[in-house]
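Dear colleague,

Please find below the structure I am handing over to you, followed by an account of what was found in it. I would be grateful if you would read the notes with the structure open beside them.

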Amino acid sequence: MRKIIYLTILITIVYKWCVLGNIRFDEENRVSAGPIGGWEESRFIAHAFGGVEGFHYTNSYEAFVSNYLKGYRLFETDLVNTADGELIASHDFSQNKARMTVEQFQGSLIMGKFHSLTMTEILQLMIDYPDFYLIIDSKESNTEHIRRQFEILVSEAIRLDPILLERIIPEIFSPTMYETVMNIYPFPNTVYSLYKSNASASSIVKFVKEKQISAVAMPAYRVIVNPTLVNALSKLGVKSYVHTVDNIRTMQVLKSIGVHGVYTNLEVTPTELAQAVDDTNPFQMVGYIPSAAKFLFTKFKANTILEGL
């Protein structure tokens with residue numbers, strides 16, 4: 001019975017994409033890629049520097065090196081401010097957890113085994129490995145904290161090598177954040193990220209068109225909440241990424257409905273992932289629909305509950 005429900009959900013989604021999402025855009029309205037440098041061609045983003053030894057969300061040196069050697073060139077990292085005003089790669093300093101100083105952070109191993117990274121150390125990695133791009137996910141919610149964060153980042157990058165800023169891609173969560181960040185430095189590459197936003201599909205399309213943003217990242221449940229969004233973005237020439245997806249069947253279904261790429265923790269090479277995601281046919285897809293629909297439905301249900309709190 002559940003498989004029938006999941007199948008019905010996904011068929012409805014695909015129908016809405018194909019029919020309701022058929023919004024007309026003229027060629028002149030396509031978003032200009034700008035000085036992208038090819039990073040958008042990467043379909044797989046190493047989430048929090050990628051999985052390492054079965055661990056996720058480490059943002060660690062070991063995770064970066066492991067996944068760089070696997071062939072990843074597009075990485076995402078989470079940034080927070082320390083108690084003493086430095087910038088570090090960490091997924092959460094929640095309000096229920098005291099902020100560390102940078103000394104405390106550097107003095108402790110992640111998961112008891114992995115080495116932490118400050119922003120300065122990450123920038124040095126960008127110098128040492130000059131062919132990867134870095135997506136910045138700010139875990140700060142306060143505008144002043146975000147401003148301070150990007151002031152530190154830009155200042156340190158300029159000190160080390162200003163060209164690094166061409167390969168840093170901030171995730172933008174709102175028009176307000178866009179103005180805050182771009183007033184500090186006009187980053188040539190940005191991603192409009194939706195996981196902190198309830199913005200409507202039409203306002204998202206309008207914003208990326210107006211600001212010439214060429215990639216949008218969204219949680220999986222957005223595929224259900226805004227079933228026309230990926231299609232509308234695609235018609236503008238804007239690529240869609242979904243996070244975080246560690247199930248190949250789900251990746252295959254997302255690809256079939258227009259999603260360009262995913263953030264992932266999977267510890268396989270991007271080449272192997274591409275082969276696995278592309279190696280499918282309509283008959284296989286029918287078998288994958290229930291598991292993918294279950295994943296999307298679960299994410300949708302979880303986020304709906306959270307938004308109601």
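Phe55 has a relative accessibility of 29% and therefore counts as partly exposed, since the partly exposed class lies between 20% and 50%. Please note that this is a predicted model. Phe114, by contrast, is buried, at a relative accessible area of 1%.

These two residues form one of the aromatic pairs, of which the structure holds 15. The ring centres of Phe55 and Phe114 are 5.5 Å apart and the planes stand at 75°, so the pair is edge-to-face; the cut-off for that class is an angle over 60 degrees. The pair links distant parts of the chain, with the two positions 59 residues apart in sequence. Phe55 belongs to the loop between strand 1 (44-46) and helix 2 (61-70), while Phe114 belongs to the loop between helix 3 (102-106) and helix 4 (119-128).

A second pair is formed by Phe64 and Tyr68, whose ring centres are 5.7 Å apart with planes at 35°, so this pair is tilted. Both residues are in helix 2, and because they are 4 residues apart there, about one helical turn separates them. Phe64 is buried, with a relative accessible area of 0%, and Tyr68 is buried as well, at 12%.

Phe64 and Tyr68 also belong to an aromatic cluster, together with Phe49, Phe75, Tyr129 and Phe132. Tyr68 has a further partner: the charged end of Arg73 sits over its ring, 3.6 Å from the centre. Elsewhere, Lys196 lies over the face of Phe173, at 4.2 Å from the ring centre.

Turning to the nonpolar interior, the largest core has 69 residues. Which of its members touch the most others? They are Phe75, Leu134, Leu153, Phe187 and Tyr192. Helix 5 (residues 143-160) supplies the largest share of this core, 6 residues. Apart from this core lies another, of 11 residues, which includes Trp39, Tyr133, Ile169 and Ala217.

Leu134 may be a useful residue to display. Leaving aside residues up to four places away in sequence, Leu134 touches Phe49, Phe75, Thr77, Met119, Ile122, Met126, Arg167, Ile168 and Ile169. Two of these contacts, Phe49 and Phe75, are also members of the aromatic cluster described above.

With kind regards

Methods
Residues are numbered from 1 along each chain as its sequence is written. This is a predicted model: local features need pLDDT of at least 70, side-chain atom pairs count only at pLDDT 80 or more; totals for chains, interfaces and linings use all residues. Side-chain values use heavy atoms; hydrogens and water are left out. A nonpolar core is a set of buried Ala, Val, Leu, Ile, Met, Phe, Trp, Tyr and Cys residues joined through side-chain atoms within 4.5 Å. Buried means under 20% relative accessible area, exposed over 50%, partly exposed in between (1.4 Å probe, protein chains only). Contact means heavy atoms within 4.5 Å. Rings of Phe, Tyr and Trp (its six-membered ring) pair if their centres lie within 6.5 Å; planes under 30 degrees apart count as stacked, over 60 as edge-to-face and the rest as tilted. A charge sits over a ring if NZ of Lys or CZ of Arg is within 6 Å of the ring centre and within 35 degrees of the ring normal.
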